[in-house]
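Here's an informal walk through one model. Have a look at the fold first, then we'll go from one end of a helix out to the whole chain.

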Amino acid sequence: MNNSVLYLLTVLIWGSTWIAINYQLGDVAPEASLVYRFGLAAIILFAYCRYKKLSLSFNAKHHLQFMAFGVCLFGLNYYLLYNAQVHINSALTSIAFSTLMLANIINARIWYKTQITKQVYLGGALGLFGIIALFWPQISDVEFGQQALLGLTLSLIGTVCASFGNMISMRNQKQQLPLMPANAWGMAYGALFMAILLLAQGKSFTFSYSFAYLSSLLYLSLFGSVIAFGCYLTLLNRIGAHKTSYASIMFPAVAVLISTFVEDFHWSIFTIIGFSAILVGNLVLIAQPKHFRLFRSTTSSNKRMKKAN
């Protein structure tokens, strides 16, 4: 698939998973739901690799790398974000997770000496402003006491864990390790980590056989994990962490758009401003550098003309 299709699939699928996750919360412990989600996703990927005759044999060093990858991206990331929502609303969690782009910019610079252009900073700033504007009605009433600060801290730590997972995935691909087998092992290790964490907390494995739980579990495993992570991590290596992670800003916007039709969400001036800033930021980010330079040169020319006048 070309990059545009991969990006669109990532944004649309992850934008819809926020609704599916709501059906996972309830009688089943979040840790258990994550074990089921990524365990099932790993089984699907292992079966796919066998069907495609992709090797699943790796040395101990690679398995340690897959383990770190899985624990960061499919374990701690989700565990911390789920627990954050006990203390704060989903709007604040979305805003905190949207800082993934900043975390990836910093980590890509540290890990891989990636040069970041002004174009990326401008696009990212517009996107983050848009996310805050989009959710401003929900966050303006929040009292930032100890509970809110705890929730934001957990969200930000979870986001940093996700960024570390992104960097390890990039290393996997730079070492020519095939994506699908790497994802299969990573999800398997992530599920195993969550199972150990669940038992260490004295919780038990329960299950819900309701249609809502089963259908959302299948959707999150196949689409939200196997397909979306496959698309996202492929893009990560193709176009870089800074551009790919703009998806973390786009999919909360998609979730709001879906909520408009599914949950009768009513738009306000903040929704319009937020969406506009997010879309403009995305256009700035994906614009060809020559177009961005043309924009800057035109702006500079206008400033010189004003000074001359």
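Which residue follows helix 10, and what is the sign of its phi? That residue is Gly-240, and its phi is positive, near 100 degrees. Keep in mind that this is a predicted model.

Helix 10 itself covers residues 211–239 and isn't straight throughout: at Ala-228 there's a bend of about 35 degrees. Helix 10 also has a packing partner in helix 1 (residues 3–22). The two cross in a left-handed sense, and the residues of that contact split into 17 nonpolar, seven polar and one charged. Here's the geometry around helix 10:

| Feature | Where | Value |
|---|---|---|
| Bend | helix 10, at Ala-228 | about 35 degrees |
| Packing angle | helix 1 and helix 10 | about 145 degrees |
| Axis separation | helix 1 and helix 10 | 8 Å |

Now over to helix 8 (residues 146–174), where Ser-155 sits. Ser-155 has a relative accessible area of 0%, so it counts as buried. Leaving aside residues up to four places away in sequence, Ser-155 touches Leu-81, Ala-84, Ile-88, Thr-93 and Ala-96.

Zooming out, the protein chain has 14 helices and zero strands. Of its 309 residues, 50% count as buried. Among contacts with a separation of 6 or more, 88% link residues 24 or more positions apart. As for size, the C-alpha atoms fill a box of roughly 75 × 45 × 35 Å along the principal axes. The radius of gyration is 20 Å, which agrees with the value near 19 Å for a compact globule with 309 residues.

Technical notes
Residues are numbered from 1 along each chain as its sequence is written. This is a predicted model: local features need pLDDT of at least 70, side-chain atom pairs count only at pLDDT 80 or more; totals for chains, interfaces and linings use all residues. Side-chain values use heavy atoms; hydrogens and water are left out. Helices (H or I, at least four residues) and strands (E, at least two) are DSSP runs, numbered from the N terminus. Buried means under 20% relative accessible area, exposed over 50%, partly exposed in between (1.4 Å probe, protein chains only). Contact means heavy atoms within 4.5 Å. The bend at a residue is the angle between axes fitted to the seven residues ending there and the seven starting there. Axes are lines fitted to C-alpha atoms, for helices over the stretch in contact, and angles run from 0 to 180 degrees between N-to-C directions. A crossing is left-handed if the near helix is turned anticlockwise from the far one by less than a right angle, and right-handed if clockwise. Ala, Val, Leu, Ile, Met, Phe, Trp, Tyr, Cys and Pro count as nonpolar, Asp, Glu, Lys and Arg as charged, and the others, Gly among them, as polar. The radius of gyration is taken over C-alpha atoms; the globule rule is 2.2 Å times the number of residues to the power 0.38.
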